[in-house]
Each structure stands twice: as structure tokens, then as C-alpha cells.
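Trainee: I've got a model open and I'd like to talk it through. Can we go piece by piece?

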Amino acid sequence: MQRCRFEIPECPPQDVRRLQRELGVSGALAQVLVRRGMSDPGAARAFLAAGESHPPSAFAGIQLAIEPILRNVRDGGLITVHGDYDVDGVCSTAVLLRTLRRLGACADSYLPDRSADGYGLRMHTVARLAARGTRLLLSADCAITAVSEVQAALDLGMEVVVSDHHSPRADGALPAAPVVHPAVCGYPCPDLCATAVAHKLAEALIDSAEQQGMLAAGDAAAARAALREDLDLVALATVADVVSLTGENRSLLRRGLRALAATTKPGLRALMSVARLDPARVDERSIAFALAPRLNAAGRLYRADAGLELILTEDPLRAAQVAQELDRANSERRQVELGIRYEAEAQMAALGDRAAYVLAGEGWHPGVIGIVASRLVEKSGRPVVLLAMDGDRGRGSGRSIDGFDLLGALTACATHLADYGGHRAAAGLEIERRNLPAFAEALERHARSLLGGEQQLPVERVDAILDGSELGMELAEELAALAPFGRGNPTVSLMLAGASLSDPRPMGEGRHVRFTVSSGGCRAKAVAFGGGARLPVEQGQPAEATFALEVNEWNGISEPRLVLRRAQPVAAGAAAPAIAAAPALPALPGAGARDACEPLPAATAGRTASVPAGLVRAARGGPPEQQEHEGELVLFALP
Ligand SMILES: [Mn+2]
């Protein structure tokens with residue numbers, strides 16, 4: 001149990017009033033916009049409209065990629081799309097394959113196997129593809145760093161086009177081939193996922209094919225319509241790859257979610273069916289918590305190409321079979337994850353308080369340890385490295401906290417490692433068994449020197465400070481205009497002024513709790529997921545608390561619902577958060593019956609007994625910006 005630090009950015013009242021006036025939004029939404037850096041009405045309006053879009057020609061040099069692809073389409077040369085085993089890799093492969101086949105290309109695909117091949121384009125794959133007759137190798141979601149592998153492909157007589165979005169090599173060397181890459185090619189939205197890059201490339205291919213007379217006007221129109229349907233795949237990958245949901249990604253995801261709700265792909269409909277999702281209600285959370293984990297599960301444990309087969313199949317019966325296979329693999333992945341987690345938590349408890357944890361186990365599944373490491377970081381507030389030991393070596397996966405550079409830490413301990421790579425927040429490593437104790441000690445020493453013995457407090461960024469009277473259906477619906485939420489655009493955190501919590505009632509066999517929150521003379525129903533049956537702050541004691549306000553649909557009824565994000569007793573001597581930053585707000589029209597709030601009866605007795613600081617996280621909502629890369633987003637099970 002640990003406290004958090006509330007961070008409340010500046011929010012000049014005149015900026016809030018100007019947005020209210022010019023955009024006709026509530027003071028609460030205006031506060032959120034101002035605190036997120038959109039004080040300018042034009043910027044705020046553009047963000048809410050989510051209409052940013054750029055043409056494929058905004059990739060500098062994309063014509064260099066089009067030419068060899070269309071030439072091979074015309075000549076019947078075999079084009080192999082080389083993708084990746086995660087959701088983005090599978091979806092980008094599917095977008096390119098579907099378009100190439102519609103253009104009449106002779107095209108197939110290759111997805112690397114997580115354990116046999118590892119990530120990316122490998123030398124042995126290049127040799128195998130050359131031997132089996134690939135004329136053009138088109139990468140999707142990989143190969144921007146595969147400088148020597150691309151050279152090998154060229155030396156073997158293949159042509160190569162690279163489409164990717166990963167960071168290029170530190171030395172700046174690029175493959176000697178046409179590249180379609182948002183950051184490398186100066187595209188205005190450098191954060192596109194690989195599937196969005198593939199979608200832009202597909203659009204350019206169709207346009208050029210029509211201009212060159214390879215597609216009749218009617219066929220080109222049909223190809224464009226089909227490509228618009230493939231925005232469902234862009235939505236899946238944009239969420240699964242945890243790219244920033246700003247700029248064009250925001251509009252791609254909004255349009256993609258609509259395409260997903262209406263998808264005619266038998267595989268995606270079957271997947272929604274096994275996940276018990278209503279297609280009409282699919283949103284970014286359904287992707288993060290239900291669809292992406294299933295699409296990834298087979299690649300983690302068994303075969304990488306089940307997800308691709310699912311997306312491409314036109315046969316509803318086969319779609320249902322593969323969807324079941326993925327669902328079973330996902331359940332198994334959860335069990336495997338739970339087993340590793342129990343063992344790792346026991347080791348953690350035995351080690352006591354540490355600046356960083358290195359935990360190792362026999363037979364741990366290398367495809368799953370990264371997810372477990374993420375969860376242990378959340379639990380401990382410390383960097384965690386998990387090592388799956390096998391024989392005299394181990395493969396590891398580490399996750400970090402804000403403000404601790406994990407890649408830098410591994411570099412500092414590199415003498416004990418056989419191999420390592422990654423970035424600040426997540427990294428992979430390999431180690432020889434005999435070096436394990438020395439590595440654990442070196443990492444602990446390094447982390448302690450940087451982090452000190454003090455626990456790092458997690459930060460909760462507050463978007464708006466309200467009193468209870470402002471909560472209601474209107475506000476819940478208005479805040480939905482900020483969706484879709486995810487990295488770069490987290491769910492809205494509302495702090496209630498002068499809050500106190502009361503009337504706890506256990507839910508879900510004591511895993512969750514329902515309660516009443518009182519603020520500003522009003523009280524509202526609220527729920528806290530995943531923190532047990534007890535309130536994090538004793539009844540009636542003044543609390544600092546933040547909530548998400550959602551529209552909850554249940555039994556055909558829509559209701560506003562407060563979901564607790566963080567709550568802790570007001571620190572001794574601390575002033576209550578000033579609500580003065582928020583100007584007087586216009587009354588919400590049509591509130592009343594549908595309001596989350598009802599008037600508070602007189603006299604709520606305040607008690608002041610001290611209670612250990614508590615931390616509760618929303619069951620489905622931990623701050624999405626903390627969601628994990630590697631396509632793995634199941635921080636919490638769906639209720
Ligand atoms: Mn990717």
C-alpha cells in the first residue's frame with residue numbers, strides 16, 4: 001500500500017472561461033483541455049473534432065517504394081510480406097497482403113516465430129525466402145534496423161522494400177532499400193503504428209495502379225472501399241501497439257473503431273463472439289483487454305500465424321475454429337502468467353525491500369515474463385527484471401518505473417550480461433547462469449544509487465477539480481468527446497473537492513467495492529475495482545480522491561458512474577485542493593434524474609482515526625499511459 005502524489009497543472013480561470021465561451025463546453029471539460037495544453041480554442045476544437053489526416057505522399061520518397069512493388073505485380077514476381085508476431089505485425093501484414101492480392105499480385109507472407117526466429121528479419125529467413133523464390137521482400141513492422149539482412153537479400157538477387165515504424169539504429173544506418181517509415185520519411189504524424197503505415201502504402205499503391213492503367217476505375221473504387229474497411233485492422237494495431245493517440249492517430253482510431261463495429265471479416269466477428277463483445281459497442285478498451293490479448297496469445301505460446309489466418313479467412317466455420325484456438329491459448333497464457341506471478345511474488349517477499357528486483361525461475365515461459373514484470377512493477381513501484389532460466393542460460397525481460405532508465409541500468413551492468421537491448425521503460429536480456437548473483441547485486445547497487453532507499457511515489461495527474469454537484473450524465477457524455485483514450489491521451493482524472501467516502505459494499509466476491517462519495521453537499525455512487533472490499537480511506541475521513549466518470553450501460557439502462565482512480569487520507573496539515581481555479585459553471589441542462597448526484601442529508605459525522613494510506617486502482621482503467629508495450633495490455637481481467 002503506498003500513497004501517490006497528486007500533480008495538478010496550472011489552469012488559469014480566464015483560459016477556462018474563454019474555452020467555455022468559444023466552444024460552448026462545460027467548465028469541467030474546459031479545465032481538462034487547458035490542463036492538457038489546449039488553451040487555444042483552435043487547437044482545442046481541432047482535438048475534439050479528431051479530423052487530422054495526411055496523404056500518403058507526405059512520406060518523402062514513397063514513390064521509390066511503389067515502383068518495384070507495382071512492377072512485380074505486373075510481372076507476376078512473388079512478393080513476400082515479412083511481418084511480425086504481435087498484433088501490429090499481423091495486421092500490417094494482412095493490410096498489405098489484402099491490397100496486393102486485390103491488385104492481382106502473386107503474394108504470400110512470412111511471420112517470424114517468437115521462439116525459433118525471435119523478432120525481426122533474420123539472416124536464415126532471408127536465405128530461405130530467396131531459395132523459395134521470393135522476388136520482392138516487403139517488410140511490415142520490422143527491418144528498419146536490419147541493415148545487413150537487407151543487404152544479404154539484395155546480394156541474393158531479391159528486391160526489398162521496408163515499411164516499419166521502429167527506431168532506426170543508433171548510428172543512423174538505414175537499409176539500402178526504399179523505406180516507408182513515418183519518422184524517417186518526415187511524415188507529419190511520426191507516431192503511426194506499422195499497420196497505419198501499411199494502410200497509407202496500400203492507398204498509394206491503389207492510386208498509382210489506377211494512374212498506370214493497372215486497375216480500372218471501378219476496380220480502384222472497390223479497392224479503396226475495401227481498404228476503408230481495413231481501418232478495423234488499423235484500430236486494433238493502434239491500440240495494441242500503444243502508440244500516442246494524438247494527431248492523425250486519433251482520427252485513424254476513431255474511424256477504425258467504427259470500421260471494427262461494422263466489420264464483415266468473419267475472423268474478427270468470431271473473435272468478438274468468443275470474447276463476448278457486442279460489435280456495436282466495441283471501443284479502445286475492448287481492443288486492449290479482450291481482442292489484442294487473444295490475437296497475441298497464440299504467438300506467445302504456439303504459432304504466430306493463427307492471428308493472420310483469423311483475419312484473412314473468408315470462411316466463417318474456419319474463423320470460429322481459429323477464434324476458439326486463440327481464446328484457449330489466451331486462457332492458457334493467463335494460467336501460465338499466474339503461475340509465474342505467484343513464484344515471483346514469493347521471491348519478492350523473501351528479498352524484502354529492494355531498489356530493484358531481479359527474479360529468476362526455472363521453466364518460466366519467455367513469452368509471458370514481460371507481462372508479469374509489468375504487473376510486479378505496478379505492485380512494487382520498483383524496476384523489475386524477470387529471468388526465465390533454461391540450462392546454463394536465462395532469457396530475461398525487464399520493466400521500469402517513470403524516472404528510471406532501465407536500458408541505461410543494463411548498460412551499467414553489461415559486464416554480467418550476454419546480451420541486452422530495449423529502451424528506457426522496457427528491455428530484454430540474456431545472461432549466463434553463473435553471472436546471475438553478480439548481476440542482481442550490480443543492478444540493485446545501481447538502482448539504489450539513483451533511486452535512493454525512498455520509495456518513488458506514483459504520480460496521479462489531475463485534469464479537473466470539481467464539486468459533486470457538477471457530476472452527472474451530461475458531463476459523462478461530454479467527456480466522452482475526448483475519447484479514444486490511451487497513451488498520449490489518458491482517461492480523465494477528476495478530483496472531487498472535500499471528498500469523503502462511506503457505505504462500502506463488497507462486490508465481485510470481495511474483489512471490488514461499491515460506496516458513496518460525498519463532496520460539495522452532494523453524494524454520488526462510486527465503485528473501486530480490484531482493491532478489495534474495504535475503502536482505501538476510513539469512512540467520513542477527509543480524502544484526496546480522483547475518479548473517472550463513465551457512462552455505465554447495464555440491463556439497457558445508461559447511468560453515470562464514478563470509478564475510483566486514487567484515494568488517500570488528506571495529509572496532515574495539507575490544504576484541501578482549491579476549487580477556485582475553476583470558474584463558476586453554468587447549470588447542466590437536463591440533469592436532474594439522470595445525475596450521479598443527489599443532495600446530501602444534513603450532518604455527516606466526520607471521524608479522524610488514522611488509517612494506513614491506501615491505493616486503489618480502477619479495474620479496467622489503470623492509467624492507460626502505463627499500459628505495456630509488446631502488444632500486451634491485460635493489466636486487469638474484465639469483470
Ligand atoms: Mn509495431
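**Sheet, helices and a cysteine**

Trainee: Let's start with E7 and strand E8 (residues 384–390): how do they run, parallel or antiparallel?

Mentor: Keep in mind that this is a predicted model. There are 6 bridges between E7 and strand E8 (residues 384–390). One facing pair is Tyr 357 with Val 384 in E8. The two strands run parallel.

Trainee: Which helix packs on the sheet touching E7, E8, E9 and E11?

Mentor: Helix H15 (residues 316–351) packs on the sheet too, but what it touches is E7 and E8, with its direction at about 135° to that of E7. The helix you're after has a direction that makes about 155° with that of E7. That's helix H18 (residues 436–451).

Trainee: Now the whole sheet. What is the order of its strands?

Mentor: It's an open sheet of 5 strands with mixed pairing. The edges are strand E7 (357–362) and E10, each of which pairs on one side only. From one strand to the next, the twist averages 15°. Read across, the order is E7-E8-E9-E11-E10.

Trainee: Which residue in E11 stands opposite Gly 396?

Mentor: Strand E9 (residues 393–399) and strand E11 (residues 426–432) run antiparallel, joined by 7 bridges. On the other pairing, strand E10 (residues 419–422) also runs antiparallel to E11, with 4 bridges. There, Tyr 420 stands opposite Leu 429. Gly 396 also faces that residue, Leu 429.

Trainee: How many residues are in the hairpin connection from E10 to E11?

Mentor: The two strands are antiparallel and share 4 bridges. The hairpin joins E10 to E11 through 3 residues.

Trainee: Over to the helices. How are H1 and H3 placed relative to each other?

Mentor: Two packed helices are described by the angle between their axes and the distance between the axes. Here the axes of helix H1 (residues 13–23) and helix H3 (residues 41–49) come within 10 Å and cross at roughly 60°. The crossing is right-handed. With that angle, H1 and H3 are therefore oblique.

Trainee: And how many charged residues does the contact of H1 with H3 have?

Mentor: From H1 you have Arg 18, Leu 19, Glu 22 and Leu 23, and they meet Pro 41, Ala 44 and Arg 45 in H3. By class, that contact has 4 nonpolar residues, no polar ones, and charged residues numbering 3.

Trainee: Let's zoom in on Cys 142: is it buried or exposed?

Mentor: Cys 142 is placed in the loop between strand E4 (136–140) and helix H7 (147–155). The cut-off for burial is 20 or more other C-beta atoms within 10 Å. Cys 142 has 25 C-beta neighbours inside 10 Å, so it counts as buried.

Trainee: How far apart in space are Cys 142 and Gly 89, C-alpha to C-alpha?

Mentor: Leaving aside neighbours within four places in sequence, Cys 142 is in contact with His 82, Asp 84, Gly 89, Gly 120, Leu 121 and Asp 164. In sequence, Cys 142 and Gly 89 are 53 residues apart. In space, C-alpha to C-alpha, the separation is 7.9 Å.

Trainee: Last one, on the whole protein: what percentage of the residues count as buried?

Mentor: The protein has 19 helices and 20 strands. Among contacts between residues at least 6 apart in sequence, 70% join residues at least 24 apart. As for burial, of the 639 residues the share that counts as buried is 50%.

Technical notes
Residues numbered from 1 in each chain as written. Predicted model: local features only at pLDDT ≥ 70, side-chain atom pairs only at ≥ 80, totals over all residues. Pairing = 2+ DSSP bridges. Axes fitted to C-alpha atoms, helices over the stretch in contact; angles between N-to-C directions. Parallel < 35°, antiparallel > 145°, perpendicular 65-115°, else oblique. Left-handed = near helix turned anticlockwise from the far one by under 90°. Contact = placed C-beta atoms within 7 Å. Nonpolar A, V, L, I, M, F, W, Y, C, P; charged D, E, K, R; others polar. Buried ≥ 20, exposed ≤ 12 C-beta atoms within 10 Å, placed from the backbone.
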